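Let's take a look inside this protein, starting with its enclosed empty spaces and then turning to its cysteines.

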Amino acid sequence: MQSDYLSYALRQLEALIAIPSPSGFTDKAVQYCIDEFSAMGYAPKRTTKGGLVADLGGTGDGLLLSAHVDTLGAMVCGIKPGGALRVAPIGGLQAQNIETETARVYTRSGRVIEGTFQLENASLHVNSAYEKTPRTFDTVELVLDEKTHSEQQTRALGVSAGDYVAVSPRFTVTQTGFIKSRFLDDKLSAAILLTLAKYLKDTGSVPRRRLYVMFTVFEEVGHGGASIPSDVTEMIAVDMGCVGKGLQCDETMVSICVMDSRGPMHKAVVDGLVDAAQRAGVRYALDVYPHYGSDADVAVRAGHEVRHCVVGAGVYASHSYERAHIEGLANTFDLLRAYLDA
């Protein structure tokens, strides 16, 4: 991957990460991507569910590369007597790894209110049960940075049930090339696909088959890939490659998923991806993910007659404060570019 495209991908990633987009609250993130595709000369279309699809050219049976721009988050479900908020998780957000994180509440009036997730009665010098208390969404609350000490005062701020809550991502890139942030799942892949689109346009490359890029907005809650273009016969969900015990992938690699929680990927697609990786000298791993599902699975289960697979840059600490590496980003880009040439 050329350095200018790597720099472009990192800029796109940082910009996307900065746009809050829990599932159901994704309009601004999608509009940003529509504007980027349009600036390149493509004609992206917003889908009925609020995502986008862009035709990148080519002829014949369609190949769909998908990513999702929705993230984990929360929704206000109640106001406590002391003025703090009860929240319900959106997707797989975990109470135990958001404690002490900054978050923002997006009210229906348009006001944005900042706060911090804290354990109830969070002062260690006061709470003798601090260490023994399980961290759940019954015990972790969102304390607003406002002068409120009652339910009535919080309601007067315009806060109500149904308001979206976004956790601060804390994006950074280290001097050693590690990318640390919440929501690399899956905005890292969205940045890679934007970069691939730019590469094709810059070089005048025409895909060997009809190529679509789709950004979905309900992946984290299980139905993002339910609708895809009608002429697609192959779908690759570009999501994250998990890094963890028993897996082969690390943050510097691209993972090719051979089986996830819903069953095996299509062998012909896996074999084609492996062949492309080997031809391009890409560092890759083949992994089985027992607790993983993707938009490609959703498309198959929705009845679409497609060959499917999942690939993604290695990401550690999924659904928490995640970590990837610029080499994993580059290897994912190079794999997709080589696969398009096959």
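## The largest cavity

Sort the lining of the largest cavity by class and you get 4 charged, 2 polar and 2 nonpolar residues. Keep in mind that this is a predicted model. The residues around that space are Leu72, Arg182, Phe183, Asp185, Glu220, His319, Ser320 and Glu322. As for room, the largest cavity has a volume of about 50 Å³.

## The second largest cavity

In total, the structure has 2 cavities of 30 Å³ or more. The second largest cavity offers about 30 Å³ of space, and its lining splits into 3 nonpolar, 3 polar and 3 charged residues.

Who lines it? The lining of the second largest cavity consists of Ser66, Ala67, His68, Asp186, Ala237, Val238, Asp239, Ser294 and Asp295. Strand 3 (62-68) and strand 13 (232-243) are the elements that each give two or more residues to this lining.

## Cysteines without a partner

There are 0 disulfides in the structure. Cysteine 242 is in no disulfide, and the nearest cysteine sulfur, that of cysteine 249, sits 8.6 Å away.

Why is there no bond between cysteine 249 and cysteine 242? Cysteine 242 holds the closest cysteine sulfur to that of cysteine 249, but the 8.6 Å separation is too far for a bond. For a disulfide, the two sulfur atoms would have to be within 2.5 Å.

Are these cysteines buried or exposed? Cysteine 242 counts as buried because its relative accessibility is 12%, and cysteine 249 is buried too, with a relative accessible area of 4%. The cut-off for buried is under 20%.

Technical notes
Residues numbered from 1 in each chain as written. Predicted model: local features only at pLDDT ≥ 70, side-chain atom pairs only at ≥ 80, totals over all residues. Heavy atoms only, no water. Buried < 20%, exposed > 50% of the residue type's maximum accessible area, 1.4 Å probe, protein only. 1 Å grid on protein atoms, 1.4 Å probe; cavity = no way out; pocket = protein on both sides within 12 Å on 5 of 7 lines; lining within 4 Å. Points joined across faces, edges and corners; volume = space filled by probe spheres on them. Nonpolar A, V, L, I, M, F, W, Y, C, P; charged D, E, K, R; others polar. Helix = DSSP H or I, 4+ residues; strand = E, 2+ residues; numbered from the N terminus.
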